[in-house]
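Take a look at the structure shown here. The report below goes through it part by part.

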Amino acid sequence: MSSPKPALSVRGTLAGKHVLVVGVTGFLGKVLVGFLLHAVPEIGRITVLARTKRLKDARTRLRAAFERSPAFRPLRERHGEGLGAFLAEKLDVVSGDAREPLCGIAPRELDALARRLDAVVNVAGLTDFAPDPLDAIGVNVRGALGAADVAARTRHRRLVHVSTAFVAGAVSGPVDESLVPGLSPNGTEFEPAGELRAIQSVCDALGRRASDVGEARRARIEAGTARAHALGWPNLYTYSKGLAEHLLHARTDVRVTVVRPSIVECARSFPFPGWNEGLNTAGPLVWLTGTLHRRMPFAPDHVFDVVPVDSVARATTLVLALALADVAEPVYHLASGDKNPFTLGRALDLTSLARRRQYARSDEPFERLVLQHLDSVIHGVAPEEDPILPAARTAARFARDALVAFDPSVHLPAGLRARFGSRLGAMAQRAGKSLGTTARTLGQVAEMLRLYQPFIFDHDPHFRTDAVRRAAAQLSDEERATFALDVESIDWRSYWLDVQIPGLDRWSLPLLSGERPPEDPAFDLGRDLPLLDAEAPSVRPPPLTSGLYGDGGPGEAE
Amino acid sequence: MTGPLVGAAFFRLETALTHEPAWHHARALSAQAPSIRARLSGLGVTTLAGTLSLHPALGGASAAARAGWSRLRGFSRDRIEVLGADLARDRLVPRIGPHARRLLDDARERGLVLVLLAETIRAVAVPAAAQLGIDAAHVLSSELAWSPRDEATGELEEGAIGPELSPAALSAFARAHGIDLGASAAYGASAADAILLSHVGQPCALDPDAELARVARSFGWPIVRGLAAQAEVSA
């Protein structure tokens, strides 16, 4: 007895389609575009939006990324010298800025896109927990609205918007894939458009009132964070992403599908195991376990909902196909906790074990003999209630001040001064400097724990992922193997020890000490990436024959 | 299990191969508790127990091992299995000298199924076996009991392997894996291994203690000496 025909083909649906991706220069954006080009070469065209940065125009920046970024390594390996030709056929670049109206795309290019696009995918986002609200609003809210405005001008008015599962706010327990418009996470009714105007107005007023740029920024962050808390969001990041979702939900001129990944971390396999970019959520926590502060204020049984970036790319591709086939549900969580939970306690234990292995092999005696044996331990007290850290910081500062103030000519008797004065003075200055670094590090630790407290201690949300599983059930076995959210198969021990920690060590943690992660060896595309050709006639996609199997169905209405 | 029976070669990890008692593993693992206090406590208890193991009246090495495993109470499965694998790789397997490895290779070349018998816990024995090319299914070892939270309870599961392998356990294993004990070899070093050696067709005493040497001579079992010194040199 033959199995029923799959109800959806991702490749068939995406074949010949033209999508605009906003946010390609980010961590997820690169992996998503790389995955689309690698796994769905049948796709018609991807227009990627990028802005000029540090005097490099969009095209130059993106060419450099395709030539050197490890994220595009599989494409370079597959196509070799032919990559330039492949990209010329499948990709073009449009200059713009996600923070500007209509993504800052020039009118001529906008008209061309409006004629050609099948969907807009917005992956752009500012992921800092405590950014300047002007930046968070600019990218996470206005950027989303700009992408929606672009989508609204196209034939099909489709937008796939990447948000975050943590728009759920300061909650614990099961979190449904839904949005109640105008209701904040703590049940406060609010008017999204009015909220946007209000937060903008407050930020503008604080800017005018402050005496300098730094004071203005601090005041804005304080006010924005207070507002986020008042509505039940733990920080400005989740507040701005949540506000964006509410505003998009209110739009009637665009069909929005929301993707909400949880904590996006190192790739399992695409572009290669361990790939990561920037400092995401786990990076700072892993860094924390390597500091002198060993008492971790984690709730050990709370879910640490990590999802590898390539799992997000796979499932977002699936959601894009659903949106193109006009069968998408409104919201998709991309998370691991409901089917394969990984806890904070386990993450901490495995991180300690990973460090032990590294220190055991180290050439540094201090690491081998001391650090190897200093595991981080769970401390079941909220960060704000832990007296040790502030006390340690105060002690470090006190000792630093005392050592820096040490003056052999004053503090040593004449006899000792002559023999040891200069040496002791130099030692005191070095020790003082070192303690100053320690005090600063402890300050960073305290600030980090304060920002992370909602996630590591206070709340334990469990994001349901029913929608993406329903979608994957419609696929053939082969396509499910490529495009399903594959988190059940993650062996967390193996992933954490062999993929995540080495990946963070290589690609993310060096950023904390000001180092740049390595780029891949030089590769020459041999040509510039094509710019969006506003004059070219619109290329109609081939007739849909395999987007939906079975009779009826929406198909392409041309 | 159906199908033709095959011969096996049984190797005792602690006596024939590494000459290191299981309580040393317990001590090494218990010294790696997350907290320093638990570490020092574990180290102290297992060292004391190990010292007492010299007195058979106090339970011997087996009691020392159990005391040591009890200090793993509360350890996560991750911690025990990761550290166990590291212990096997970095400490146990390097102790196996070239002559012992030759015995393993000879057995393999003769078409015998290699079986590792270990008083130590599975988290140590299985990774050690893997490095010796022995399938996990052919490891007969003790196993820790786990709580529903996947933490060690400090107890061993029923059927833990002691210094003496019970004839019933040996027969049951042989039946389950289609092993013909008459066509099998076994390598042991202590008096406790006499039972194992007496149940196979090709017993061999490796650096036997006085009691096993006496038994071996009385039964005409071959005796091989010098492997223990190699193990210490290798370690």
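The sections that follow cover the interface, the empty spaces, a salt bridge and some backbone features.

## The model

This is a predicted model. Keep that in mind while reading every value below.

## Where the two chains meet

How many residues of chain A are in contact with chain B? The count is 15 residues of chain A, and they touch 16 residues of chain B. The size of an interface is often given as the accessible area lost when the parts come together. Here the area buried between chain A and chain B is about 1200 Å². Carbon and sulfur atoms give 38% of that area. Three residues stand out on the chain A side: A:L353, A:R357 and A:R493. Together they supply 39% of the area that chain A buries against chain B, more than any other three residues.

Now turn to the pairs that cross the interface. There are seven salt bridges between chain A and chain B. In one salt bridge, the side chain of A:R357 meets the side chain of B:D86, with N to O at 2.9 Å. Residue pairs in polar contact between the two chains number 10, counting pairs with both residues at pLDDT 80 or more.

Which helices of chain A each supply at least two residues to the side that touches chain B? They are α13 (344-360) and α20 (492-508). The largest share comes from α13(A), with seven residues. By class, the side of chain A that touches chain B has five nonpolar, two polar and eight charged residues.

## The largest cavity

Rolling a probe the size of a water molecule over the atoms shows where empty space is left. In this model the count is four cavities of 30 Å³ or more. The largest cavity has a volume of about 150 Å³. Its lining is made of 18 residues. Closest to the centre are A:F166, A:V303, A:F455, A:H459 and A:P461.

Two elements of chain A, α17 (414-458) and β13 (461-463), each supply at least two residues of this lining. The most comes from α17(A), which gives four residues. What classes of residue make up the lining of the largest cavity? It divides into 14 nonpolar, three polar and one charged.

## The second largest pocket

The second largest pocket holds about 690 Å³ of space. Its lining has 27 residues. Nearest its centre lie A:G345, A:R346, A:D349, B:S76 and B:E151. Residues from chain A and chain B are thus listed side by side here.

Three elements each supply at least two residues of the lining: α13 and β12 (377-378) of chain A, and α5 (77-95) of chain B. The helix α13(A) gives the most, with five residues. By class, the lining of this pocket has 10 nonpolar, six polar and 11 charged residues. Note that α13(A) was named earlier too, as the source of the largest share of the side of chain A that touches chain B.

## A salt bridge within chain A

Over all chains, the whole structure has 48 salt bridges. One of them joins A:D149 and A:R251. Their closest N and O atoms are 2.6 Å apart.

Which parts of chain A does this pair tie together? A:D149 lies in helix α7 (residues 133-152), and A:R251 lies in the loop between α10 (236-249) and β7 (255-261), so the salt bridge links parts that are 102 residues apart in sequence.

## Backbone features in loops

Start with a peptide bond. A:F270 and A:P271 are joined by a cis peptide bond, with omega about 0 degrees. Where is A:P271? It lies in the loop between β8 (263-265) and α11 (282-289) of chain A.

Next come two positive phi values. A:L102 has a phi of about 50 degrees, although it is not a glycine. A:L102 sits in the loop between β3 (91-95) and α6 (107-116) of chain A. In chain B, phi of B:D150 is near 60 degrees, a positive value in a residue other than glycine. B:D150 is placed in the loop between β4 (144-146) and β5 (152-156) of chain B.

Methods
Residues are numbered from 1 along each chain as its sequence is written. Chains are lettered from A and ligands numbered from 1 in the order in which they are written. This is a predicted model: local features need pLDDT of at least 70, side-chain atom pairs count only at pLDDT 80 or more; totals for chains, interfaces and linings use all residues. Side-chain values use heavy atoms; hydrogens and water are left out. Contact means heavy atoms within 4.5 Å. Buried area is the accessible area (1.4 Å probe) that two parts lose on being put together, summed over both. A salt bridge is a side-chain nitrogen of Lys or Arg within 4 Å of a carboxyl oxygen of Asp or Glu. A polar contact is a pair of N or O atoms within 3.5 Å; within protein, one must be able to donate a hydrogen and the other to accept it, and residues adjacent in sequence count only if both atoms are side-chain atoms. Ala, Val, Leu, Ile, Met, Phe, Trp, Tyr, Cys and Pro count as nonpolar, Asp, Glu, Lys and Arg as charged, and the others, Gly among them, as polar. On a 1 Å grid over the protein atoms alone, a cavity is a set of points where a 1.4 Å probe fits but cannot get out, and a pocket is an open set with protein on both sides within 12 Å along at least five of seven lines; lining residues have an atom within 4 Å of a point. Grid points are joined across faces, edges and corners, and a volume is the space filled by probe spheres set on the points.
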